[in-house]
Amino acid sequence: MATDAELQRILGDLVVTSHRLARLAARVTGNTESPATWRTLSVLTTSGPLRLGELASHSRVSQPTMTKIVRNLVETEWIKRIADTDDARAWQIAITPKGADALENWRDQLATALLPMFSDLADDEVDSLRHAVEIIGSRVELTDAASAALRGSRN
């Protein structure tokens, strides 16, 4: 069993490596959309509609920056503003089917860009990657569920 120090180092390496991999894939695609755009669409996909401030926080940008991102995404019809059922003065931001399609296309472009780097993996290596994705995905889903529960208890 790994020590806490060893696990901490591995997790740190995982975060750094995954960021490098994502940046490399994005560069190879030649897509010029801001990473904040894709992060915003991804947040809306996993979290559902959010108020502007919540969306900014989840996307790790300032509220004025998120205002600009939202304006651009509304113009492209990738997101829409919807009335907040809890507060008639407020709006929530939601992804549209067109935005969901754009995000899925972007993720496909990233995977396609990376395919040549990984096409020579042995079956057991592919299984290891699949297993790692499942482990990480399950932990992230637990964290998302815990965050949602905490947000709900504050309202």
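**A quick walk through the chain**

So, hi everyone. Reading along the sequence, the pattern you get is α-α-α-α-β-β-α-α. Before I go on, please keep in mind that this is a predicted model. If you count up the elements, the chain has 6 helices and 2 strands.

Okay, overall dimensions. Along the principal axes, the C-alpha atoms fill a box of roughly 55 × 40 × 25 Å. The chain has 155 residues, and 22% of them count as buried. As for the surface, about 11,000 Å² is exposed, and 56% of that comes from carbon and sulfur atoms.

Now, contacts. Take the ones between residues at least 6 apart in sequence: 50% of those join residues at least 24 apart.

What about charge? There are 18 positive side chains and 21 negative ones in the chain. Take the centre of each set, and the two centres lie 10 Å apart.

Let me finish by zooming in on one residue, Thr37. Where does Thr37 sit? You'll find it in helix 2, which covers residues 35-47. And is Thr37 buried or exposed? Thr37 is buried, because its relative accessible area is 8% and the cut-off for buried is under 20%. Which residues does Thr37 touch, if we leave out those up to four places away in sequence? The answer is Leu73 and Trp78. If you have the structure open, go to helix 2, pick Thr37, and then look for Leu73 and Trp78, the two contacts I just mentioned.

That's my tour, thanks for listening!

Note on methods:
Residues numbered from 1 in each chain as written. Predicted model: local features only at pLDDT ≥ 70, side-chain atom pairs only at ≥ 80, totals over all residues. Heavy atoms only, no water. Helix = DSSP H or I, 4+ residues; strand = E, 2+ residues; numbered from the N terminus. Buried < 20%, exposed > 50% of the residue type's maximum accessible area, 1.4 Å probe, protein only. Contact = heavy atoms within 4.5 Å. Areas by Shrake-Rupley, 256 points an atom, 1.4 Å probe, with all protein chains shown as cover. Lys, Arg positive; Asp, Glu negative; His and termini not counted. Charge placed at Lys NZ, Arg CZ, Asp CG, Glu CD.
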